[in-house]
Each structure stands twice: as C-alpha cells, then as structure tokens.
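Got your viewer open? Let's take a walk through this protein, one selection at a time.

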Amino acid sequence: MSDRLDKIYIRDLALRCIIGTFPEERHKKQDVVINVVMWADLAVAGQTDDIHDTVDYKRITKAILTAIEPSSYRLIEKIAQAVADICLADPLVEKVKVTVDKPGALRFARSPAVSIYRER
C-alpha cells in the first residue's frame with residue numbers, strides 16, 4: 001500500500017441484515033460490524049478546508065447502510081465486496097480495505113470475519 005496516500009477510516013459500523021447460508025439464518029436479521037480503510041490523497045482538503053476536496057465519509061456511511069441493511073446476502077464476503085464497490089465509486093478513493101465481522105456466529109469465538117483489499 002502506498003505511503004504517499006492518506007487514510008480515512010470508518011470504524012465499527014454496526015448494523016443488522018439477513019446474512020448466512022443456513023435456513024435458520026434466512027429469517028431474522030443478525031449483527032454485522034464493518035470496518036473500512038480508504039486510501040486517498042487528502043492534501044488539497046488539508047489546505048482548503050473544503051468538504052468538496054475530500055472523501056465525504058458521511059455520504060459513504062449512509063450509502064453502506066442503505067445498501068447493506070435491507071440486503072439478504074449469504075456470505076460476508078459479498079457484503080465486503082459491496083462495501084468496497086461503494087467506496088471505490090468515490091473518485092478520490094484509490095484503494096480500500098473492508099473488514100466484515102459477524103459477531104455471535106461462532107461459539108467460543110467473538111466473531112468470524114473476512115477482510116478484502118481492492119484498488120482501482
């Protein structure tokens with residue numbers, strides 16, 4: 001990952017959606033926790049102090065919630081890819097890392113998780 005790019009984080013975004021492959025998972029929403037790291041050049045925004053020169057993380061967060069909460073994916077990998085696609089739709093975002101946790105899905109473990117990395 002490039003040292004010349006800056007990072008924007010969305011940490012511990014908690015939401016509920018239908019997720020899972022087993023029949024009993026297809027009827028009731030479950031907790032999902034999403035963490036995002038976006039790489040972008042934020043130098044201009046640091047100079048101008050103008051939101052139009054940066055990644056609008058509030059807009060991206062709303063887009064993630066809008067896309068994932070009503071979804072009914074089977075795999076957390078698919079959620080991660082959908083989130084990465086949302087982030088990369090912003091022209092300033094060059095790279096993204098998305099981690100999706102499914103708390104409570106495994107006995108004796110805090111959560112299973114998947115982490116993906118995508119770039120333009």
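Here is a tour that starts with the whole chain and then zooms in.

**Stop 1: the whole chain.** Show everything as a cartoon, and keep in mind that this is a predicted model. You should find three helices and four strands. Follow the chain from the N terminus and the elements come in the order β-β-α-α-α-β-β. Rotate the model, and you'll see a C-alpha trace that spans about 50 × 25 × 20 Å along its principal axes. Of the 120 residues, 41% count as buried.

**Stop 2: residues 8–118.** Select this stretch next. UniProt lists it as "domain: Dihydroneopterin aldolase/epimerase", in an unreviewed entry. Over these residues the chain is 28% helix and 31% strand. Now pick the C-alpha atoms at the two ends: they sit 15 Å apart.

**Stop 3: the core.** Which residues touch the most other members of the largest nonpolar core? Select Ile-34 and Met-38, since those two hold that spot among the 31 residues of this core. To see where the core comes from, color strands S1 (6–17), S2 (30–40), S3 (95–101) and S4 (113–119), plus helices H2 (57–68) and H3 (76–88); each gives two or more residues to it. H3 gives the most, with nine. In soluble globular proteins, nonpolar side chains tend to be buried together.

Stay on Ile-34 and show what surrounds it. Leaving aside neighbours within four places in sequence, Ile-34 is in contact with residues including Ile-10, Leu-13, Ile-64, Ile-79, Val-83 and Val-98.

**Stop 4: two helices crossing.** Select H2 and H3. Their axes come within 10 Å and cross at roughly 145°, and the crossing is right-handed. Turn on side chains for Ile-60, Ala-63, Ile-64, Ala-67 and Ile-68 of H2, then for Ile-79, Ala-82, Val-83, Ile-86 and Cys-87 of H3; these make the contact. What kinds of residues are they: nonpolar, polar or charged? The count is ten nonpolar, no polar and no charged.

**Stop 5: a loop residue.** Finish at Ile-18, in the loop between S1 and S2. Is Ile-18 buried or exposed? Its relative accessible area is 14%, so Ile-18 is buried, as the cut-off for buried is under 20%. Show what Ile-18 touches, not counting residues up to four places away in sequence: Glu-25, Arg-26, His-27, Lys-28, Lys-29, Ser-71, Ser-72 and Tyr-73. For a last look, draw a line from Ile-18 to Asp-6: they are twelve residues apart in sequence and 34 Å apart in space, C-alpha to C-alpha.

Definitions and conventions
Residues are numbered from 1 along each chain as its sequence is written. This is a predicted model: local features need pLDDT of at least 70, side-chain atom pairs count only at pLDDT 80 or more; totals for chains, interfaces and linings use all residues. Side-chain values use heavy atoms; hydrogens and water are left out. A nonpolar core is a set of buried Ala, Val, Leu, Ile, Met, Phe, Trp, Tyr and Cys residues joined through side-chain atoms within 4.5 Å. Buried means under 20% relative accessible area, exposed over 50%, partly exposed in between (1.4 Å probe, protein chains only). Contact means heavy atoms within 4.5 Å. UniProt positions are given in the numbering used here, feature names are shortened, and annotations may be inferred rather than shown by experiment. Axes are lines fitted to C-alpha atoms, for helices over the stretch in contact, and angles run from 0 to 180 degrees between N-to-C directions. A crossing is left-handed if the near helix is turned anticlockwise from the far one by less than a right angle, and right-handed if clockwise. Ala, Val, Leu, Ile, Met, Phe, Trp, Tyr, Cys and Pro count as nonpolar, Asp, Glu, Lys and Arg as charged, and the others, Gly among them, as polar.
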